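Reader: I would like to learn how to read a model of this kind, going from the whole chain down to a single residue. Could we take one feature at a time?

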Amino acid sequence: MRHTLSYVKNHPNPQLFREDYLLLNGKWDFMFDDDNSGICHQWHLAFPANSKEIIVPYAYQTEDSQINEPTHQCDVIWYHKTIELTKISEVINLIFNGVDYDCQLFVNGNLVGSHCGGYDIFKFDIAKFVKLGKNDLTLRIVDKMNIDQIRGKQRWRQKSFECFYTETSGIWKDVYIEFLSSTHIDSFYFRPSFKNQNVSIEINTKEAINSTLNIKVLYLGETIHDEDILIKDNKEIVEFEINNLNAWSVENPNLYDVILTLSRDTIEKDKVISYFGFNDVSSKNGHIYLNNKDTYLKLILDQGYYPGGFYTGKEDQFINDIKLMKEMGFNGCRKHEKIETPLFNYYCDVLGFLMWQELPSAHKYSYNYITTAKKEIKNQIFDHYNHPSIMCYVIFNESWGINEVATVNTEIDSCEDVYKYVKSLVSNRFIISNDGWEHTTSDLITFHNYEETYDQLFNLYKEELPKLKRNEEAQANKDRKMLVKGFSYTGQPLIFSEFCGLAFTKDKSKGWGYNLVKDEKEFEYKIRKQIEAIRDLPDIRGYCFTQLSDVEIEVNGLVDFERKLKIDPKAMKEINDLCE
């Protein structure tokens, strides 16, 4: 594994590395506010002396938080930390990679700002609120059990049920500070094109007019592009060719290092280190092409739950999971109903592992859900825009949050509206409208089915896929249609994006699986037969297997929650190798 120049151990985001930062993970003070009286008691001015201690970035429901109270459902919680600042800069960005769900930040008793959304990165400039020496950071966080709140797989009932698990409240991703000049780089977006053999970079700056930006691109340590541009506007777009281009792929995850240096009057004002890779995504005649290479997708469902931290994984856990999935013969994962920390995406980039990124759902349609979703989706996409491993975004899953999309025009219109909106944000990736069934406009047509035998799967899709291609009404499974009435098949690749879900009979007391097997031999046999059925249906150009690991009451993983193997990785790879 070759790290990028931007990788520094313990830094939360290798896509956006600055040297001058302060990591705030670790011990914070914590309070449950069961009766929502913290504001009245002015906890933002004087945090209670009887507070608990929590380890950030782990939610209080987890073991690693050292509170470990998964059954304590509390709508309002508070965090506090005293930090020591040895210097002050013109801009001091306090960055939260993930807080669930609605938070207010107080610094030294002053309200700095608020943010709503559990899955996107946000920041506050706290420079005018802090001083040299000790400073108090206080967060008030509201995380209710509303069914139309964007939840992903987090439950909205008292106990876990079906495939919905213990909620994750509060700070669950890294927290850190960056010290900046008022003249700095605000954001940047790489748009590499394998087809055109070039890269376009959009660079957004603050107070940088008439400053000089140096763009240096390196490959394997050798400088291949070095250019100075004069900043004339707050947004600049720079485009240049890359000679002897090395594309990113699962087999060869080639990445280009980038150093962006902003200077005024020869004085350096800001320096950011990042990276990009070339991974053009396209389709033709029902096939998927990555950098013009016909590619069969062999994905695995990854819900992103980890021992100890549950929703919050550790660096070695990311590495081990990705390596294991690759060893088993999968070339990518469908990150299910969760936006991971940037470090997970980084390891997909450097290890060579494709990602379908699902945008977490609510579970009931409402005006509030759709309007909130559009705002949160935009942030989620631009937070991770530069990762070459991300090849697809899933907007809705199995009609969650648009439960009546098959028949209700308002929900159909909303699905279409959000698809078009996401496509306008990220036109260079596949967008799936409603993974599993009941598609409106969609770049891929996907279907879910947990019938368990070769004959059940093969015979159904032998009949239904030709119907779909003839634009006749076709079934995604025995209960659901492929397309919403009024929408047509237009030659999109067909992906069997959920199937299998086997659990051992001996694990019935622990939870459930879609189908049961008595031993390892039957486990492997049934997996093989289902993938043989997919192989024997040439119209299908990829699949997503359920799933990597057991999670709480769902025990149908290839490994258990502690990552103990249920199948030999070599045997699983041999099965995956049946499809090409």
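Reader: Of the contacts in the chain with a separation of 6 or more, what percentage is accounted for by residues 24 or more positions apart?

Author: Please bear in mind that this is a predicted model. Residues 24 or more positions apart make up 70% of the contacts in the chain with a separation of 6 or more, and the secondary structure in which those contacts are set comes to seven helices and 32 strands.

Reader: How does the radius of gyration of the chain agree with that of a compact globule?

Author: The general idea is to set the value against the one expected for the chain length: for 580 residues a compact globule would have a radius of gyration near 25 Å, and because the chain has 24 Å, the two agree. Along the principal axes, the C-alpha atoms fill a box of roughly 70 × 60 × 50 Å, and 63% of the 580 residues count as buried.

Reader: What does one look for along a helix, and what is the case for α4?

Author: An α-helix has 3.6 residues a turn, so residues three or four places apart point the same way. Helix α4, residues 409-425, reaches 24 Å from its first C-alpha to its last, close to the 24 Å expected at 1.5 Å a residue. Among its buried residues are Ile412, Cys415, Val418, Tyr419, Val422 and Leu425, and the buried residues of α4 pack against α3, β26 and β27.

Reader: How many residues of helix α2 are buried?

Author: Helix α2, residues 342-351, is mostly covered, with 10 of its 10 residues buried, including Phe344, Tyr346, Tyr347 and Asp349. The buried residues of α2 pack against the strands β19, β23, β24, β25 and β26 as well as helix α1, and α2 is followed by Gly352, whose phi is positive, near 85°.

Reader: Turning to a single residue, is Asn397 buried or exposed?

Author: The test is a cut-off, buried meaning under 20% relative accessible area; Asn397 has 1% relative accessibility and therefore counts as buried. Asn397 is found in strand β26, and, leaving aside residues up to four places away in sequence, Asn397 touches Arg334, His336, Glu337, Glu358, Ser361, Asn434, Asp435, His448 and Glu498. As for distance along the chain, Leu359 is 38 residues apart from Asn397, while their C-alpha atoms are separated by 8.7 Å.

Terms used. Residues numbered from 1 in each chain as written. Predicted model: local features only at pLDDT ≥ 70, side-chain atom pairs only at ≥ 80, totals over all residues. Heavy atoms only, no water. Helix = DSSP H or I, 4+ residues; strand = E, 2+ residues; numbered from the N terminus. Rg over C-alpha atoms; globule rule 2.2 N^0.38 Å. Buried < 20%, exposed > 50% of the residue type's maximum accessible area, 1.4 Å probe, protein only. Contact = heavy atoms within 4.5 Å. Expected span 1.5 Å × (residues − 1).
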